[in-house]
Amino acid sequence: MRFSGLRVLREGLSGNKGWQAQWRDAEPGDAYDVVIIGGGGHGLSTAYYLAREHGITNVAVLEKGYLGGGNVGRNTTIVRANYFLPGNSEFYSHSLKLWEGLEADLNYNVMHSQRGQIGLFHSDAQRDAAIRRGNAIRNQGDDAELLDVPQLKKILPYLDYEQARFPIHGGILQRRAGTARHDAVAWGYARGASDRGVDLIQNCEVTGIDIEGGRVTGVQTSRGAIRAKKVAVIVAGRSSQVAAMAGMRLPIESHVLQAFVTEGLKPVVDHVVSFGMGHFYISQSDKGGLVFGGDLDMYASYAARGNLPLVEHVMEAGMALMPMIGKAKVLRSWGGIMDMTPDGSPIIDHSGIGGLYLNCGWCYGGFKAVPGSGFSMAHLVATDRHHGPAARFRLDRFRTGRGLMDEEGTGSQHSLH
Ligand SMILES: Cc1cc2nc3c(=O)[nH]c(=O)nc-3n(C[C@H](O)[C@H](O)[C@H](O)COP(=O)(O)OP(=O)(O)OC[C@H]3O[C@@H](n4cnc5c(N)ncnc54)[C@H](O)[C@@H]3O)c2cc1C
């Protein structure tokens, strides 16, 4: 079923009876060429690009809950390509280009909105770092603009420019950055993969990984054994647990990250804005809610809900930046389980066990990576070779110390520094 303006009109005039389910709810088969563990953004996009780019369609995505019920449906939806270090910078640049063609490619409205993202700086040293980052972004071929305070006052009049403790000195703007509707991204990829023959199997938890003679042969699940020539582990916050089924110990800690949304307000925040003196970022959804988030909870956990001290911490950061936010009522908050690597950068690599591949370690930033990650992971699984833009996301960097990509020199948990 293709979406089009004409189709919407026709359905509207005929009682909306012609809409079909967006994907097949498949039953598990006995054997597949590729089994993907995890029906989040990265698992679904990998399945889609395996089918679209490599013609590999005998694929199952096994999801223990429902598709899109993990972090892909829980994040603050920020999409940008303003990373500094070689490795990250070309990867996120490639991912943003895929975002820009995604709706046409999927024939699905993921509400990708390039409203611009502004990272604020609050000291001369931060300005120097922002300029350096901006130059690196431009060298990569992406956009970055330096804004001074008068320019900021025009476009972000609601910020507190009189703040004595964290004075705003300027900002760096990426106009092509923005937001997208997170669960629509999961649904769009699910639909695209299903249409090409991929089996999407919900309520199917992987409980074991079968390995014979150093090669993966299949998985054990809550719905029986499934044989597979190749298995891709793409389970975000559960990466350490699932890799342990193959006898691996990953350099990943799972932490809770919370997000918040207020009651609907008239349009006020036109961009994505990030505070430079605390971990706080905000945008406004199309429904009008202010969507914001901050730091990780301070201890490792698998609970998909957050603690109250961090709620207070995030609210304080918001109030320091834009006191008017204090008038808005918070409607909801929730948590997701983040797969944090020591250097804050991800892993897309062979596992060292034949036919078993890893995609994990997305830390705070895996939503914007969904198209690029799926594309690169599909390339790795299909060809056994690393895809150019993701070629530095190697697992062994944590063993050798060579090739670590620590964007801010504080590891993945900035709050610890
Ligand atoms: C509050 C919050 C805000 C965020 N904000 C942003 C942001 O603004 N921008 C950004 O770029 N990123 C953001 N992120 C990060 C981003 O959401 C994640 O990095 C990304 O979604 C993780 O990849 P995923 O979508 O594949 O994960 P998930 O959606 O979590 O997918 C993994 C899936 O694996 C399944 N699974 C686990 N174990 C098993 C098993 N044994 N068997 C079968 N299935 C299993 C899970 O049920 C889950 O559905 C945020 C995250 C959170 C929590």
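Both faces of strand β18 are covered in this predicted model: Leu356, Leu358 and Cys360 on one side, and Tyr357 and Asn359 on the other, are all buried. A residue is classed as buried if 20 or more other C-beta atoms lie within 10 Å of its own, as exposed if 12 or fewer do, and as partly exposed in between, with C-beta atoms placed from the backbone. Because 5 of the 5 residues of β18 (residues 356–360) are buried, the strand is largely enclosed by the rest of the structure. In a regular strand, side chains alternate between the two faces of the sheet. Strands (E, at least two residues) and helices (H or I, at least four) are DSSP runs, numbered from the N terminus. Residues are numbered from 1 along each chain as its sequence is written. As the model is predicted, local features need pLDDT of at least 70 and side-chain atom pairs count only at pLDDT 80 or more, whereas totals for chains, interfaces and linings use all residues.

Strand β18 pairs with β11 and β17; two strands are taken to pair if DSSP finds at least two bridges between them. Strand β11 (residues 224–233) runs parallel to β18 and is joined to it by 3 bridges, with Val231 opposite Leu356. Strand β17 (residues 347–350) is antiparallel to β18, with 4 bridges, and His350 has Tyr357 as its bridge partner. In the hairpin of β17 and β18, 5 residues lie between the strands, and Gly352 takes a positive phi near 100 degrees.

A second element of the description is an open sheet of 8 strands with mixed pairing, in the order β5-β6-β4-β13-β14-β15-β12-β16. Strands β5 (145–147) and β16 stand at the edges with a single partner strand each, so one side of each is left without a neighbour in the sheet. The twist averages 25 degrees from one strand to the next; axes are lines fitted to C-alpha atoms, for helices over the stretch in contact, and angles run from 0 to 180 degrees between N-to-C directions. Within the sheet, β13 (residues 272–274) and β14 (residues 281–284) run antiparallel and are joined by 2 bridges, with Ser274 opposite Tyr281.

The ligand is surrounded by 40 residues, of which Gly38, Gly40, Gly70, Gly336 and Gly366 come nearest; a residue is near a molecule if its C-beta atom, placed from the backbone, lies within 6 Å of it. At least two residues of the shell are supplied by each of α2 (41–54), β12 (253–264) and β16 (330–340).
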